[in-house]
Number of protein chains: 2
Amino acid sequence: MGSNGERAARGGQQRAETREVVLAAVRLFTEEGYEATTMAGIAETTGVSRRSLFRRFGSKEDVLFAEHDELFETVVRYMEASPEPPLDTVVSAARLVFQGYVRDPEITVPRYRLVRAHDRLRDREVAMTARYQAAFSHHLAEHAGGGRPSLEAEVVAAALIAAHNHVLRGWLRDPEAEGIWERFDRAMGRVRAMAGPLFEGPRGGEGREDRVLVAVYPSGVERAELLRRVASAVDERG
Amino acid sequence: MGSNGERAARGGQQRAETREVVLAAVRLFTEEGYEATTMAGIAETTGVSRRSLFRRFGSKEDVLFAEHDELFETVVRYMEASPEPPLDTVVSAARLVFQGYVRDPEITVPRYRLVRAHDRLRDREVAMTARYQAAFSHHLAEHAGGGRPSLEAEVVAAALIAAHNHVLRGWLRDPEAEGIWERFDRAMGRVRAMAGPLFEGPRGGEGREDRVLVAVYPSGVERAELLRRVASAVDERG
DNA sequence: CGCTGTATGGCATTCAGTGCCAGAATAGAG
DNA sequence: CTCTATTCTGGCACTGAATGCCATACAGCG
């Protein structure tokens with residue numbers, strides 16, 4: 001689709017304006033209703049012609065998901081460039097996606113409300129997560145022999161996306177709640193724990209990696225006692 | 001009253017005709033192309049009026065996926081009636097879905113080709129599998145405490161669906177190949193092996209079961225900070 | 001200045017999808 | 001069998017998404 005340098009300069013200007021259009025559209029969708037809002041209406045309130053709206057976004061739905069598409073491109077490029085082992089890469093990619101949502105609640109939160117209310121939009125949202133899932137399993141497959149994604153790769157990608165979406169939905173319902181990232185990391189950790197034996201040894205054992213702490217304890221244990229034991233366990237292993 | 005008998009007689013006739021319409025539409029889609037085929041065209045070749053097509057199917061896409069929707073209803077009703085433990089039930093439900101495809105290659109195979117070629121249709125197909133996934137995790141949640149589906153339930157449902165789709169795609173690419181059901185059962189077995197410790201583990205006993213704490217943290221994190229996070233995590237879950 | 005490539009806007013058209021209404025088919029009651 | 005209520009169907013008109021075509025405005029380059 002043409003040279004990159006030109007695109008960057010031009011695209012920069014375009015994107016600023018594009019974001020304004022998206023925000024205006026989101027406002028119209030929530031205030032007037034999605035179905036009731038016409039592309040002609042968006043054109044009128046934004047000053048951009050109806051025809052140009054279709055040229056930029058492709059469709060009415062794509063106005064809502066334009067930012068999402070950009071994010072997807074970013075994530076794919078990140079995975080291609082990442083030198084880490086594939087499982088670490090896709091987990092980081094999932095974190096990137098999550099960040100893409102959390103960073104931009106002005107769009108993602110009202111969009112979530114719209115998505116919940118309209119089947120068509122819900123399908124579109126689901127299709128996006130499916131694209132991520134496909135990209136993830138594809139990445140896992142490429143760095144584990146190439147060819148078509150294996151059963152394991154697809155299952156791990158699906159589990160990862162499901163965990164991501166689980167935490168994400170919680171945040172979308174209550175964007176003000178604290179400790180999102182802790183919840184996210186815990187969810188990722190659990191999927192890793194599940195995926196590890198199935199997929200491959202997730203750890204290389206270098207110095208800079210994440211560490212995993214797993215504690216199994218009877219439900220009757222006191223909070224203080226539990227923390228004391230965890231502390232000593234951490235001390236033992238450095 | 002009489003709604004069942006009436007419906008059965010009437011519905012039976014309708015469905016026979018409906019199936020013919022779907023088959024004719026599939027033929028048109030594959031021969032003339034999906035976009036090039038208009039609802040007016042389908043109406044002409046089937047003898048059913050354009051208006052009635054929209055009434056029966058709702059949309060052009062829904063002509064292709066009409067059978068699929070019926071299958072979904074069947075699967076949901078099966079799960080509601082099943083007395084087996086939830087994990088067994090959803091696995092059986094997945095088998096039911098798989099059977100729904102394999103039993104009717106006349107529609108599912110050409111549909112698969114169409115789905116691969118057109119983004120819109122692909123989204124629709126993906127939305128269907130997402131509906132199954134939601135139904136599965138919902139079933140797992142209902143029979144494990146009720147309320148909103150837990151992370152585990154969603155991850156297991158996603159993994160199950162992913163495995164199902166993996167085997168299904170293999171069959172769709174080559175419907176004549178032998179040993180589909182063996183492949184299906186093996187895939188299900190692997191997911192169960194993976195899901196077992198994650199899903200059934202925490203659900204084992206009454207009040208006395210073990211709890212699992214998983215923490216993932218960068219190796220550079222301070223001891224005190226780590227313990228603080230662990231403490232808050234423990235507090236959140238009780 | 002002219003030339004070329006590109007983004008935009010206006011116009012017309014196709015087609016999916018919906019509301020409205022009239023007519024046909026059918027079930028049920030007498 | 002007849003009358004009636006309900007339901008299914010088809011025709012008609014309309015909205016709006018989406019696309020193609022063409023003219024215009026604006027950039028860079030000689």
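Contact here means heavy atoms within 4.5 Å. On that basis, among the contacts in chain A of this predicted model that join residues at least 6 apart in sequence, 68% connect residues at least 24 apart. The secondary structure of chain A comprises 10 helices and 1 strand, and the order of its elements from the N terminus is α-α-α-α-α-α-α-α-α-β-α. Chain A has 238 residues, of which 47% count as buried, and its accessible surface amounts to about 12700 Å², with 47% of that area belonging to carbon and sulfur atoms.

One residue through which contacts in chain A can be followed is Pro105(A), which is located in helix α6 (residues 105–117) of chain A and is partly exposed, its relative accessible area being 36%. When neighbours within four places in sequence are left aside, Pro105(A) is in contact with Pro110(A) and Trp171(A). The C-alpha atoms of Pro105(A) and Leu172(A) are 8.4 Å apart in space, although 67 residues separate the two in sequence.

Over all chains, a search of the whole structure yields 24 salt bridges. One of the pairs in chain A consists of Glu17(A) and Arg56(A), whose side chains meet in a salt bridge at 3.6 Å, N to O. This pair links distant parts of the chain, since Glu17(A) belongs to helix α1 (residues 4–32) of chain A and Arg56(A) to helix α3 (residues 50–57) of chain A, the two being 39 residues apart. Glu17(A) is partly exposed, with a relative accessible area of 35%, and Arg56(A) is likewise partly exposed, with a value of 33%.

A salt bridge is also formed by Asp185(A) with Arg95(A), where the closest N and O atoms are 2.3 Å apart. Because Asp185(A) lies in helix α9 of chain A and Arg95(A) in helix α5 (residues 86–102) of chain A, this pair ties together parts that are 90 residues apart in sequence. Asp185(A) has a relative accessible area of 18% and is therefore buried, the limit for that class being under 20%, whereas Arg95(A), at 35% relative accessibility, counts as partly exposed.

In chain B, the side chains of Asp104(B) and Arg19(B) meet in a salt bridge at 2.9 Å, N to O. Here too distant parts of the chain are linked, with Asp104(B) in the loop between α5 (86–102) and α6 (105–117) of chain B, Arg19(B) in helix α1 (residues 3–32) of chain B, and their positions 85 residues apart in sequence. Asp104(B) counts as buried, at 12% relative accessibility, while Arg19(B) is partly exposed, with a relative accessible area of 26%. In chain A, a network of salt bridges links Arg19(A), Glu67(A), Asp104(A) and Glu106(A).

Charged side chains also appear in a surface feature of chain A. Asp174(A), Glu176(A), Glu178(A) and Glu182(A) together form a negative surface patch. Among these residues, Glu178(A) is found in the loop between α8 (151–173) and α9 (180–199) of chain A. The relative accessible area of Glu178(A) is 68%, so this residue is exposed, the class being set at over 50%.

Notes:
Residues numbered from 1 in each chain as written. Chains lettered and ligands numbered in written order. Predicted model: local features only at pLDDT ≥ 70, side-chain atom pairs only at ≥ 80, totals over all residues. Heavy atoms only, no water. Patch = residues over 30% accessible without salt bridge, like charges linked within 9 Å, V, L, I, M, F, W, Y side chains within 5 Å. Areas by Shrake-Rupley, 256 points an atom, 1.4 Å probe, with all protein chains shown as cover. Salt bridge = Lys/Arg side-chain N within 4 Å of Asp/Glu carboxyl O. Lys, Arg positive; Asp, Glu negative; His and termini not counted. Charge placed at Lys NZ, Arg CZ, Asp CG, Glu CD. Helix = DSSP H or I, 4+ residues; strand = E, 2+ residues; numbered from the N terminus. Buried < 20%, exposed > 50% of the residue type's maximum accessible area, 1.4 Å probe, protein only.
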